[in-house]
Amino acid sequence: FSDYLGHELHRAELDGFNVAVIGINLDRFKQINDLRGHAAGDQALKIIGYRLGHLCRDGELVARIGGDEFSAIKRFTRQNELMEFLSRIETELFDPIKIKDFDAKIGASIGVAVYPQDGEETQQLINNADLAMYRAKKDVTRTVCFYEREMDEAARARSALGNDLRKAIEQNELELHYQVQHHVSSGKISRYEVLLRWRHPVRGLVPPMEFVPIAEETGLIVEIGEWVLRTACKEAASWPSDL
């Protein structure tokens, strides 16, 4: 794949055509592995690989990069040529596949970066196609997403926030808010729900919906969860015994 892409980019530089790098991540492959076992998962990959390999024409290549990820390359001059190639890929990915006694519809999220406007180097194009693919994965309304420059800015901002989150515990930036709960019949306080907040030194209060997914992706959620449990229990121990 890397050799072919390098060759196509060199030709494109000389001849002035475009090259699309396409990242493909299967959507429901894990479900097949979990429910039917790894042998079924391997069979699914073989079927998808066979389909994608046999749809290619001149100036096109599809390769399995690893796990449930594939990448494709398309040389083109007109946008409709690229769209037609993407349509063929979608058809093969979304058509049901039969594995032994069951049918599975896997589907995929697809990201596209185009030489030269989205990058001129191999790795830059691959990275930008990945950014677009992750955007498609998060957007339930779209299967295919094209790279946009704002994605870089969002990725950098997310990375910076993740780095700041690593320091949040030791710098005492996390705080707990307690939301009271009452018995409906008596109106008496029955318990408290513990809510986590992050008071960033520059951004102020960062909403949980922003920082919790980052904590989960980076594994910080374990350390943060332990901090929450220790701190909440320590504070609750000083409250009146009935609470």
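**A tour of the sheet and its surroundings**

In this predicted model, begin by selecting residues 18-26, which make up strand 1, together with residues 108-115, which make up strand 6: the two strands pair in the antiparallel sense over eight bridges. To look at one of these pairings, select Val21, whose bridge partner in strand 6 is Ala113. Strands of a sheet pair through backbone hydrogen bonds, either parallel or antiparallel.

Next, widen the selection to the open sheet, in which five strands follow the order 2-3-1-6-7 with mixed pairing. At the edges you will find strand 2 (60-66) and strand 7 (144-146), each of which has a single partner strand, so one side of each is left without a neighbour in the sheet. As you move across from one strand to the next, the twist averages 20°.

Now add the helices that pack on this sheet. Select residues 38-54 for helix 3, which touches strand 1, strand 2 and strand 3 (69-76), and whose direction makes about 5° with that of strand 3. Then select residues 122-138 for helix 5, which touches strand 1, strand 3, strand 6 and strand 7, while its direction makes about 145° with that of strand 6.

From here, go to the loop between strand 6 and helix 5, where Pro116 lies. Tyr115 and Pro116 are joined by a cis peptide bond, with omega at about 5°.

Finally, select Asn172, which is found in the loop between helix 6 (149-168) and strand 8 (174-182). The phi of Asn172 is near 55°, a positive value in a residue other than glycine. Is Asn172 buried or exposed? With a relative accessible area of 67%, Asn172 is exposed, because the cut-off for that word is over 50%.

Key:
Residues numbered from 1 in each chain as written. Predicted model: local features only at pLDDT ≥ 70, side-chain atom pairs only at ≥ 80, totals over all residues. Heavy atoms only, no water. Pairing = 2+ DSSP bridges. Helix = DSSP H or I, 4+ residues; strand = E, 2+ residues; numbered from the N terminus. Axes fitted to C-alpha atoms, helices over the stretch in contact; angles between N-to-C directions. Contact = heavy atoms within 4.5 Å. Buried < 20%, exposed > 50% of the residue type's maximum accessible area, 1.4 Å probe, protein only.
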